[in-house]
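Welcome! Have a look at the structure below, and then work through the exercises at your own pace.

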Amino acid sequence: MAAVEVENIRKCFGSFCAVDDLTFTVEHGEIFGLLGPNGAGKSTLIRMLTTLLVPTSGTARIMGIDVVRSPNAVRKLIGVIPQALTSDLDLSAAENLKIFAKLYGVPGERRARVVKELLDAVELLPWADKPVKNLSGGMRRRLEIARGLVHAPKIFFLDEPTTGLDPVSRVAVWEMLAKLKKEHDLTILMTTHYMDEADKLCDRVAIIDHGKLVALDTPMKLKASIPGNNILEVSFTGVPEGWLETLKSLADVQDVKAEDHVYRIGSNNGARTTVELMEAARRARIEITSLSVQSTTLDDVFVHYTGRQLRDALQEALGFDPRMFYERR
Amino acid sequence: MHRILALIERDLRKLLGSPTLIVVSMFFPLVQLVVLGSAFGGKIKELRVGVVDQDHGVPTVKLREMFGAIAANARTFVAVEYTDPQQAVKDLREGKINGVLNIPPEFSRRVLARAAPQVALIEDNTDNFSVGALQGLLGGLVATYNQRGADPRVPPGVTLSVVELYPYVPYIQYLLPGSIVLAIFISAMIGGGIIYIDDKARGLHEGYLVTPITKFELILGFNLSGAIRGFMAGLILTTLGAVIAGIPNPLEPLRLIKLLLVIGTTSLALISMMFLLMVRVNDPLVPRATFGVLNTLLFFPSGAVYPINGFPVWMKIISKFDPLTFGVHAFKSLLLKDTSLAAIAGDLIVLTLFAVLALGLTTLLFKRTL
């Protein structure tokens, strides 16, 4: 029996389906990532799995228990960290944990010990009695992680746990999660729109776009599933007829996509393809205006499977292009 | 139970962490109590006047005919017949009637003998508005009676002697019960409205909803913590207000116990009503936008600043369904008349039933999902 089983789950709001026929399983002890832009349906999915939303159709089971039929039994098994920071700002870190320990029915004799242990585990013991409003964003997120663990859940759901945190705090949260997973024998299902986060933390990643599952595998296999070990991104001043074909004929090139005057070239040997590319440009008497060579990332995987870059998808979800504010100056 | 206690603990910790909120929620009712120390005008109608006719003579019949004519036309009062003057006074004390017109056994004989005949108006002088209206009207009635072109055997000079049941009640004392209820109501609006919706909008409730807490536990926890906050507000205002208004012996133990009972019941009823109104609201602007209207719509029809008898019909209807009315009545009974528990039992029952009904409906309407 898998820790989480999702079958043909769907959630529609009127004619719009935020989650559209998803099926996957999460095995015990895994860190499973749901990767996708804002509006992809990740939070809706996690809310259905944590009993906060009722699916329109399909089923979801946590440790074999149906989330719709036995929501309270599911709630006892799961710890949930919502996207927003929701700890009580006026209460201290310890008070927040104590109140949630009571809400989860942790017996009185264990409560103080559990609170202390968890504050220690998330390295907040020195701030136990400080009001949450005095803690930094990273510390608050660590407190919320501790809060989700007060009742020793089997499965931990985190909705974009590092959104809004600075890079140092993000790394601290990653390390914290890896440590807690090991110490508490947790299965973790997390959503993120950070490729590096999914790459670094997750055993398997499901890429979701427009409510649909577009790819699911380990980060390594996902990266290997797209043509080329390296990705060259190159742009030119002007290109002659048949230039796309020329690029495809270069040594070790697996795949070429042109998008807004930028050519993304998948190659099995980035260095050799780069040399041949420069030689071809010299022969065609065109100028290379930018060139970058990188190993395949989950971002490339996202582009490969969805046909657009994650930042484009984020802008689409926001409804505007943030660059417009800078370009109008 | 520990889950309900957790919610209460959380709310009280928050409240004690912001003493400014406590002061602010009490400041307005105290200001109102002190500032609005003047009476309100208005034509009072349909006061219930007990008529005790111990005479039944011809002059009495004439007097009662004139009384009946005013009751039928001006509708200032409604006559309620009594045979036992003690029962009439008892009902007056318990607020069932607004005054007693006592026609003594020797009235007709004294009228005919021109031997200083008298009728008595026994009045509930805790209500200056009603008393003023009754005195004016019955005084006029007696004057008219004296001036009529009657049988010369009937001597003029009938006088009305007024009997006040209680010491003089200044308007600030009259206003105190309403101010206490207002303090509880403001506490309910802040706790059950603004803070509740703000917490919901901030996602705090999402944290509660993923725990195994039931709908009923959640609603009961919110209600009890809100009621405790209202109780604190009511208790502080009762104590301070009684001192400011000069209520005699406000903290006499038995009276204090009855007052605590009314404060608790009123708090529970008002917070339950507020949660019922806000249970499906998500927008934090809604409580802020509606509280002014809600306050006016419920506070003024409660009889807190002016007797309900002076209201138009539609306002009387509101007052009948307004839980504040029953709180105000119970506080008036205890603070101004120091009545028995029996006199406020009806108010306590209505407030309790209201709280239970509102709690049940809120639980039904509360969505356990987002």
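Helices here are DSSP runs of H or I with at least four residues, numbered from the N terminus. Please keep in mind that this is a predicted model.

**Exercise 1. Which element gives the largest share of the lining of the second largest pocket?**

Step 1. Begin with the space itself: the second largest pocket holds about 340 Å³.

Step 2. Look at its lining, which is made of 13 residues. Nearest the centre lie B:K200, B:N282, B:K367, B:T369 and B:L370.

Step 3. Find the elements that give two or more residues to this lining: they are α7 (171-201) and α8 (204-209) of chain B.

Step 4. The largest share, 3 residues, comes from α8(B).

Step 5. Sort the lining by class, and you get 5 nonpolar, 4 polar and 4 charged residues.

**Exercise 2. Describe the largest pocket and its lining.**

Step 1. The largest pocket offers about 930 Å³ of space. Its lining counts 31 residues, and the closest to the centre are B:G95, B:N98, B:I308, B:N309 and B:H329.

Step 2. Three helices of chain B each supply at least two lining residues: α12 (313-321), α13 (323-337) and α14 (341-365).

Step 3. With 8 residues, α13(B) provides the largest share of this lining.

Step 4. By class, the lining of the largest pocket is made up of 9 nonpolar, 11 polar and 11 charged residues.

**Exercise 3. Which cysteines form a disulfide, and how far apart are their sulfur atoms?**

Step 1. Recall the chemistry: a disulfide is a covalent bond between the sulfur atoms of two cysteines.

Step 2. Over all chains, the structure holds 1 disulfide.

Step 3. The partners are A:C12 and A:C17, with sulfur atoms 2.0 Å apart.

Step 4. Turn to the geometry: the link of A:C12 and A:C17 is right-handed, with 80 degrees about the S-S bond.

Step 5. Is A:C12 buried or exposed? Its relative accessible area is 19%, and buried means under 20%, so A:C12 counts as buried. Another cysteine, A:C202, is buried too, at 6% relative accessibility.

**Exercise 4. In what order do the strands of the open sheet in chain A lie?**

Step 1. The sheet has 4 strands in the order β2-β1-β4-β5, and their pairing is antiparallel.

Step 2. At the edges are β2 (16-26) and β5 (65-66) of chain A, each of which pairs on one side only.

Step 3. Now pick one pair. Strand β1 (residues 4-13) of chain A is joined to strand β4 (residues 57-62) of chain A by 5 bridges. For one of the residues, A:E5, the bridge partner in β4(A) is A:R61.

**Exercise 5. Compare the settings of A:T25 and A:A112.**

Step 1. Place each residue: A:T25 sits in strand β2 of chain A, while A:A112 belongs to helix α4 (residues 108-121) of chain A.

Step 2. Check accessibility. A:T25, at 31%, counts as partly exposed, whereas A:A112 is exposed, with a relative accessible area of 61%.

Step 3. Go from sequence to space. A:T25 and A:R61 are 36 residues apart in sequence, and their C-alpha atoms are 9.5 Å apart. For A:A112 and A:K98, the separation is 14 residues in sequence and 7.4 Å from C-alpha to C-alpha.

Step 4. Finish with the contacts of A:T25. Leaving aside neighbours within four places in sequence, A:T25 is in contact with A:A2, A:V4, A:E5, A:E30, A:F32 and A:R204.

Notes
Residues are numbered from 1 along each chain as its sequence is written. Chains are lettered from A and ligands numbered from 1 in the order in which they are written. This is a predicted model: local features need pLDDT of at least 70, side-chain atom pairs count only at pLDDT 80 or more; totals for chains, interfaces and linings use all residues. Side-chain values use heavy atoms; hydrogens and water are left out. On a 1 Å grid over the protein atoms alone, a cavity is a set of points where a 1.4 Å probe fits but cannot get out, and a pocket is an open set with protein on both sides within 12 Å along at least five of seven lines; lining residues have an atom within 4 Å of a point. Grid points are joined across faces, edges and corners, and a volume is the space filled by probe spheres set on the points. Ala, Val, Leu, Ile, Met, Phe, Trp, Tyr, Cys and Pro count as nonpolar, Asp, Glu, Lys and Arg as charged, and the others, Gly among them, as polar. A disulfide is a pair of cysteine sulfur atoms within 2.5 Å. Buried means under 20% relative accessible area, exposed over 50%, partly exposed in between (1.4 Å probe, protein chains only). Two strands pair if DSSP finds at least two bridges between them. Contact means heavy atoms within 4.5 Å.
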